Amino acid sequence: MDQPIVGILHPGSMGAAVAACAATNAAAVLWCEAERSTASAARADQFGLTPVATLYELLDRSDIVISLCPPAAAEDLARDVAGHRFGGVYVEANAINPGRAQRIAALLAPHATVVDGGVVGSPPVGGKTPTLYLSGPADATERIEALFVGTAVRTAVLGTEVGKASALKLSYASFQKTSRVLVALAVGMAREHGVDQELIEVASRRTDSYLSEPQYVAKTAARAWRWGPELEEAADALAAAGLPPEMLRATAVTLARWNDAKNGELTLTDALDRLAHP
């Protein structure tokens with residue numbers, strides 16, 4: 001198969017680096033200069049991307065378009081692309097929920113073929129090797145896999161259903177990103193009372209991730225009746241320290257869905273079912 005021409009929307013820190021990897025197996029990688037910042041232009045130049053003047057020119061010349069932009073802009077950007085009746089493969093690689101990914105696929109039909117994508121990991125520079133998870137029509141996902149062969153971007157296909165890649169991306173991000181905010185709250189509370197170094201020492205004794213140990217979900221459910229009030233107390237301590245308490249209060253509300261599981265012997269499936277259907 002001839003090397004495709006790829007368009008990137010838009011060359012942010014992730015988009016430009018991913019586009020540079022795609023250039024390994026592409027005839028060219030285009031980006032649109034219209035209404036972009038000098039920082040975007042500098043990144044595009046750094047990664048050797050080819051500028052075009054308008055979105056129409058980019059879409060007219062591209063076989064594959066990769067959308068990597070702030071999540072809030074994803075649907076409007078797809079609507080602009082649909083307005084030009086782009087007929088190639090459109091990789092919706094933004095951190096959006098599965099429902100939005102499916103709406104975007106509907107927007108671009110019947111002209112474009114939409115591949116749902118989700119990047120897990122840091123931009124592929126300096127030895128970093130993120131994974132681009134893909135879901136969508138098999139012939140289209142195969143083309144995207146071929147685009148990144150031999151590059152720092154790994155690919156993994158999750159199936160043919162648009163939305164699966166987005167679901168995996170957001171499931172992982174919900175833990176990774178929320179856990180970092182929880183670190184800030186925990187250390188902030190400890191610092192207020194002069195025990196932040198002791199907190200870090202306690203935490204350093206355990207380096208495993210609870211995300212890789214889902215059996216703890218059932219144990220958490222069995223303790224929810226007392227953990228919820230404990231987190232309400234912690235939220236009060238955050239508020240007293242001038243730190244935002246809402247995240248811990250929301251966690252306490254979530255734990256309340258398990259209140260009737262007090263010290264029970266639940267399986268993981270039971271616990272998740274009760275959480276979803278209180």
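Axes are lines fitted to C-alpha atoms, for helices over the stretch in contact, and the angles between them run from 0 to 180 degrees between N-to-C directions. With that in hand, here are some close-up views of this predicted model.

**Figure 1. Helices α4 and α5 side by side.** Let's start with a pair of helices, α4 (74-83) and α5 (residues 98-108). Their axes come within 9 Å and cross at roughly 10 degrees. Angles under 35 degrees count as roughly parallel, and α4 and α5 are therefore roughly parallel to each other. On the α4 side, the residues that meet α5 are Ala74, Glu75, Ala78, Arg79, Val81 and Ala82. Their partners in α5 are Arg100, Arg103, Ile104, Leu107 and Leu108. Sorted by character, the residues of this contact comprise seven nonpolar, no polar and four charged.

**Figure 2. Helices α9 and α10 in contact.** Now look at α9 (residues 215-240) and α10 (residues 246-255), whose axes come within 8 Å. Here the crossing angle is roughly 160 degrees. Angles over 145 degrees count as roughly antiparallel, and α9 and α10 are therefore roughly antiparallel to each other. The crossing of α9 and α10 is left-handed. From α9, the contact uses Thr220, Ala224, Trp227, Gly228, Leu231, Glu232, Ala234, Ala235, Asp236 and Leu238. From α10, Leu248, Arg249, Thr251, Ala252 and Leu255 take part. Together, the residues of the contact of α9 with α10 comprise nine nonpolar, three polar and three charged.

**Figure 3. The largest pocket.** How many residues line the largest pocket? There are 42 of them, and the closest to the centre of the pocket are Phe175, Ser179, Leu182, Tyr210 and Thr251. You may recognise Thr251 from the previous view, where Thr251 of α10 is part of the contact with α9. The volume of the largest pocket is about 2,000 Å³. The elements giving two or more residues to its lining are α7 (164-192), α8 (196-204), α9, α10 and α11 (268-276). Helix α7 provides the largest share, with 11 residues. By character, the lining of the largest pocket is made up of 27 nonpolar, nine polar and six charged residues.

**Figure 4. The second largest pocket.** This pocket has a volume of about 310 Å³. Its lining consists of 17 residues, and those nearest its centre are His10, Ala34, Glu35, Arg36 and Leu77. Which helices each supply at least two residues of this lining? They are α2 (38-46) and α4. Helix α4, already seen in contact with α5, gives the largest share of the lining, three residues. The lining of the second largest pocket divides into nine nonpolar, three polar and five charged residues.

**Figure 5. Backbone details at His10 and Glu35.** Both of these residues are among those nearest the centre of the second largest pocket. His10 sits in the loop between β1 (5-9) and α1 (13-22). The peptide bond joining Leu9 and His10 is cis, with omega about 0 degrees. Glu35 lies in the loop between β2 (28-32) and α2. What is the value of phi at Glu35? It is near 60 degrees, a positive value in a residue other than glycine.

**Figure 6. A cis peptide bond at Pro110.** To finish, here is a view of the loop between α5 and β6 (113-120), where Pro110 is found. The peptide bond from Ala109 to Pro110 is cis, and its omega is near 5 degrees.

Conventions: Residues numbered from 1 in each chain as written. Predicted model: local features only at pLDDT ≥ 70, side-chain atom pairs only at ≥ 80, totals over all residues. Heavy atoms only, no water. Helix = DSSP H or I, 4+ residues; strand = E, 2+ residues; numbered from the N terminus. Parallel < 35°, antiparallel > 145°, perpendicular 65-115°, else oblique. Left-handed = near helix turned anticlockwise from the far one by under 90°. Contact = heavy atoms within 4.5 Å. Nonpolar A, V, L, I, M, F, W, Y, C, P; charged D, E, K, R; others polar. 1 Å grid on protein atoms, 1.4 Å probe; cavity = no way out; pocket = protein on both sides within 12 Å on 5 of 7 lines; lining within 4 Å. Points joined across faces, edges and corners; volume = space filled by probe spheres on them.
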